[in-house]
Amino acid sequence: MENILQDVDAVIDQWGAKPESLLQIMLDVNHHFNYLPRESIVRIAERLRMPVSQVYSVATFFKVFSLTPRGRTIVHVCTGTACHVKGAPKLLDRMKQDLGLDPGETTEDLALTLETVNCVGACASAPVVVVNGETYSEVTPNKMAALVKEIKEQSA
Amino acid sequence: MERLKSIQDLDALRQQIIERRKHIRKRIRVCNGTGCHSQGAERLVDAFNRALEERGVARDYLVVPTGCNGFCAAGPIVVIEPQEVFYQRVKPDQVEAIIERSVLADEVIEELLYVDPTTGERIVHEYEIPFFAKQERLVFKDTGTNFVTDIDDYISRGGYSALAKVLSGMSPEEVIEEVKLSGLRGRGGGGFPAGVKWESCRRAHGDIKYVMCNADEGDPGAYMDRSLLEGNPHQVLEGMIIGAYAIGAREGYIYVRFEYPMAVKNALWAIEQAKQYGLLGDNILGTSFSLDIHVNRGAGAFICGESTALMASLEGKVGEPRGKHIHTVEKGLWNRPSNLNNVETWANVPLIINNGGAWYASIGTERSKGTKIFSLVGKINNTGLVEVAMGTPLRTIIYDIGGGIPAGRRFKAVQTGGPSGGCVPERLIDLPVDFEKLKEAGSMMGSGGMIVMDEETCMVDVARYFLNFLVEESCGKCIPCRVGVKRMHELVVGMCEGRARPGDIEKLEELCYAIQETALCGLGKSAPNPVLSTLQYFRDEYDAHVHEKKCPAKICKPLIQYVIDTDKCTGCGLCRRRCPENAIIGAKKECHCIDEELCVRCGICIESCKFKAIYIE
């Protein structure tokens, strides 16, 4: 708990405790912990002198924030239009088959979270999957299965 | 870096940079745009640098990690200058050969050249490739040849000369007049004349004003703003600085999606470098004009591309739009006069100032001036970013530049304008593409995404896709969008799943018109467009889904069946072993068949069959 608050404070200090920094602070905290711990939301509200409800509303409004812990690796399947027409739904079907995951769900061992993203702007390489900031291009269901297997093995 | 204190300082610096680089014999351009990057371009840059150092010639040849070249289908791309020899799909183990044969010597490596799919000929030079030859690259000219992370490179190409011109003798009103004369219209989707917007913002009362750059490029399938901000951030910055001068702003924001980490990074260093040279910050180029620009990241909300939602988000609030009866040029960010333009719009500004508004107005059509960058993606051979003059026929874009549809399939439609736009069908292939013509065709320009669809794309599924997107992305503030779009989605899903009843199409249409008239913001009002345009041109497909319970494109799973051709099946058993549902039965060396009850229509069997014995009915 102490540690969490220390880290949150460090982020707030970096951006300055101003209302206009709210989103930037929350992005960094969310990235740091892989989600927004309950304590962090309260702390941000205190330091920025705004109601907890405002921080909470921003946290639930934007897609990137999670209020529950997510997997160590987050697999983003792009579902932009170009990826959609080039077979992104098949990648999601394969994940459902192999891991039993729907988008937004995490494996029980917290190894991996499956998420979708509305276009990462790499449309020429569609369909694409982003893992830890690395973009994989022209992914097929088989490539996807191999990629996930690799992640699970590394994580174990 | 020393701060530049006058326009003369900038000119002197430019001469110095050019002088300093005279000894460079060849430049090795390695595209580092998003597409090439995802295919390992960074490793190529390292490999080239290492190879040059090992040979002790790193001073004579320069490896240039460039912004997006545009021809993403050929990535990773390497171009050797000055000859402009174009190598495609380059791998790190080919670097040695390129250095030896094409850099140190003047040979051309045949196997790395681009092959024209129509003639089968190998093409040596970049400018000869049809994809480039038919384009008119103005805004996107330097992205793809520049050294992205080097402000000196930008300055040596004449960068910041437009800013110098403005500061050395143009009044803010003159700048606005020039932009008005150019006829530049907002490239983000609305198409509002930029000069008129600037003028209203300049005239608005208030000491503190803001300029903003909308880089929240949320339209799925569009990535030109990403490539511009990533690949040539100084051009965008220069446009913003000129805009701020014209409007009278001292502070600016770039609002960029967090999904574009490289754009964030490149915008930040560009600002840092510009500040060090005194091109940003206090007393720019020794004048009394000062400006600060900040970069703010979005957090994954499509609606934040809408101007009022973007400003709310900048203020640290939930990104909900408000009614537009109060104009943002008068009361925008923190209720102060604010001017928001899109990345591409800002990038046009230096060109207009340098070459004059009249020059700019001579390009394009009567009411749509200049060029437009489109992202040509989907079922097309030459995927990538293309810049053409407004009014270029769709046929030129799809066939001459885009190289047509892969695998000899038929072109069916092109989707433009993202979730606010619509589909333009094959019979309008000769449509000149500009703001007006696209609107007349029931679509819109949007930010410039062009998603090409072939005969294997189901138009009802496309409508379902966009509705699903809009349901997820609706901010929930107004009922027509929050509830109405959800009801539309339910109806269309029903069609795709074979549950639709007669009369559903009419119900869907009625909802479309109601939402168009009553939604709060532009995105809500335009939400029915994907449905209306597909209904307009592909009503027969809707009819087939509703009345015959059939999907003509064979995409909607509940309406199709996988069947094994008894003549072609050899009974090899591969599909039976691969099928995750054990839905395929049959003895060895005998014809197999699929149990329709168990089949989940995943398509693994079709992918694995070597005899093409499985088809969809």
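## A small sheet in chain B

In which sense do strand β3 of chain B and β4(B) pair, and over how many bridges? The two run antiparallel, with 3 bridges between β3(B), residues 78–81, and β4(B). One pairing to look at is Val78(B), whose bridge partner in β4(B) is Tyr87(B). Keep in mind while browsing that this is a predicted model.

Those two strands belong to an open sheet of 4 strands in chain B, ordered β2-β1-β3-β4 with mixed pairing. At the edges sit β2 (61–66) and β4 (85–87) of chain B, each pairing on one side only. From one strand to the next, the twist averages 20 degrees. Helix α4 of chain B, residues 95–104, packs on this sheet and touches β1 (26–31), β2, β3 and β4 of chain B. The direction of α4(B) makes about 30 degrees with that of β3(B).

## The other strand pairs

So what makes the pairing mixed? Let's go through the remaining neighbours. β1(B) and β2(B) run parallel and are joined by 6 bridges. Within that pair, Cys31(B) has Thr66(B) of β2(B) as its bridge partner.

β1(B) and β3(B), on the other hand, are antiparallel, with 4 bridges. Here Val30(B) stands opposite Val78(B) in β3(B). That puts Val78(B) in two pairings, since Tyr87(B) in β4(B) is its bridge partner too.

## Backbone oddities

If you plan to check the backbone torsions, chain B has a few spots to visit. Most residues other than glycine have a negative phi, and most peptide bonds are trans. The bond from Gly75(B) to Pro76(B) is cis, with omega near -5 degrees, and Pro76(B) is in the loop between β2 and β3 of chain B. Another cis bond runs from Glu81(B) to Pro82(B), with omega near 10 degrees. Pro82(B) is found in the loop between β3 and β4 of chain B.

Asn335(B) is the phi case: its value is positive, about 60 degrees, although the residue is not a glycine. You'll find Asn335(B) in the loop between α13 and β10 (338–342) of chain B.

## How chain B is divided

The domain assignment cuts chain B into domain 1 (7–133), domain 2 (172–361), domain 3 (371–454), domain 4 (459–548) and domain 5 (561–616). Taken over C-alpha atoms, the centres of domain 1 and domain 2 of chain B are 32 Å apart.

Where domain 1 and domain 2 of chain B meet, 6 residues of domain 1 are in contact with 7 residues of domain 2. The domain 1 side of that contact has 3 nonpolar, 3 polar and no charged residues.

## Where the chains meet

On to the contact between the chains: 43 residues of chain B are in contact with 37 residues of chain A. Several elements of chain B each supply at least two residues of the side that touches chain A, namely α2 (34–38), β9 (292–297), α13 (307–314), β11 (371–378), β17 (449–454) and α18 (459–473). By class, that side of chain B has 19 nonpolar, 18 polar and 6 charged residues.

## Chain A at a glance

Chain A has 7 helices and 4 strands, and along the sequence they follow the pattern α-α-α-α-β-α-α-β-β-β-α. The C-alpha trace of chain A spans about 50 × 35 × 25 Å along its principal axes. Its domain assignment gives domain 1 (2–61) and domain 2 (73–155), and the C-alpha centres of these two domains of chain A lie 29 Å apart.

As for confidence, the mean pLDDT of chain A is 90, and 99% of its residues reach 70 or more. Helix α3 of chain A (residues 38–48) has the highest confidence in the chain, at a mean of 96. The lowest in chain A belongs to helix α5 (residues 81–85), at 84.

## Four cysteines from the record

An unreviewed UniProt entry lists Cys78(A), Cys83(A), Cys119(A) and Cys123(A) under "binding site". These cysteines are spread over 46 residues of sequence, yet they cluster in space, with a largest C-alpha distance of 9.3 Å. One of them, Cys78(A), sits in strand β1 of chain A, residues 73–78.

Note on methods:
Residues are numbered from 1 along each chain as its sequence is written. Chains are lettered from A and ligands numbered from 1 in the order in which they are written. This is a predicted model: local features need pLDDT of at least 70, side-chain atom pairs count only at pLDDT 80 or more; totals for chains, interfaces and linings use all residues. Two residues are in contact if their C-beta atoms, placed from the backbone, lie within 7 Å. Ala, Val, Leu, Ile, Met, Phe, Trp, Tyr, Cys and Pro count as nonpolar, Asp, Glu, Lys and Arg as charged, and the others, Gly among them, as polar. Domain bounds come from an automatic or database domain assignment. pLDDT is the predictor's confidence in each residue, from 0 to 100. Two strands pair if DSSP finds at least two bridges between them. Axes are lines fitted to C-alpha atoms, for helices over the stretch in contact, and angles run from 0 to 180 degrees between N-to-C directions. UniProt positions are given in the numbering used here, feature names are shortened, and annotations may be inferred rather than shown by experiment.
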